[in-house]
Amino acid sequence: MIEQLFGSKTRVKLLHLFYGNPNRQFYVREITRKIDEQINSVRRELANLLSIGLIKSDTTNNRLYYEVNQDYQFYTPLSAIFGQGAMPAPTPVQEGESPAAVVSHDIRTVGNVDIAVYTGQFTRDNRAGVDVFLVGDVNHAKIQRFMTDLELQEGKELRYTMMSLKDFKYRQQINDRFVANILAAKKQILIDKHGLLQ
């Protein structure tokens, strides 16, 4: 039904991908792989969304990246429809979960995770010096398996750091440079149990 309302299955999948992953940028082939649609229809719909200002683009190292435009006038209502917690269409995401929700569910299986953040390569902001940042009491073997799976899914090598909640709070208190850089960097927050990243 939502495809009929928005006129295109590819467009709906793109909206779920972008609104389910705010602050994250994607290039065309990555998008094509994630939503499992033909590259020509993806390019056509990206051009449509770009022309109305719903998404924006940026070129880095001769590669064109796209992300949701959070300044778009209807960002909030569209985010309520297509964002985290909404029912997404993209494969391999299961029905009823957003891409970020699926990943955060997977992250929760590695232990008691208080904070989980994508930054670095995911948001093209290397101030943090890492791509995945985790805080909590996690199982090292499970996090290693999770990162291996995530690297396969993303098709690239990823850097990650984890620390205890006590360590994070202490570092935040003393304005530790590494933690300060993560807080300042552009990021996609997957889990923030205690609202420490607000």
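Trainee: Into which classes do the residues lining the second largest pocket divide, and how many fall in each?
Mentor: This is a predicted model, in which local features need pLDDT of at least 70 and side-chain atom pairs count only at pLDDT 80 or more, while totals for chains, interfaces and linings use all residues. Residues are numbered from 1 along each chain as its sequence is written, and side-chain values use heavy atoms, with hydrogens and water left out. The pocket (on a 1 Å grid over the protein atoms alone, an open set of points where a 1.4 Å probe fits, with protein on both sides within 12 Å along at least five of seven lines) has lining residues with an atom within 4 Å of a point. With Ala, Val, Leu, Ile, Met, Phe, Trp, Tyr, Cys and Pro counted as nonpolar, Asp, Glu, Lys and Arg as charged, and the others, Gly among them, as polar, the lining holds three nonpolar, seven polar and six charged residues.

Trainee: Which lining residues lie nearest the centre of this second largest pocket?
Mentor: The lining comprises 16 residues in total. Those nearest the pocket centre are R63, Y65, Q121, R124 and K156.

Trainee: Which strands stand at the edges of the open sheet?
Mentor: Four strands (DSSP runs of E, at least two residues, numbered from the N terminus) form this sheet in the order 6-5-4-7, with mixed pairing, where pairing requires at least two DSSP bridges. Each edge strand has a single partner, so one side of each is left without a neighbour in the sheet, and these are strand 6 (160-163) and strand 7 (188-192).

Trainee: What is the bridge partner of I115 in strand 5?
Mentor: Strand 4 (residues 111-118) and strand 5 (residues 132-138) pair in the antiparallel sense over seven bridges. In strand 5, I115 is bridged to V135.
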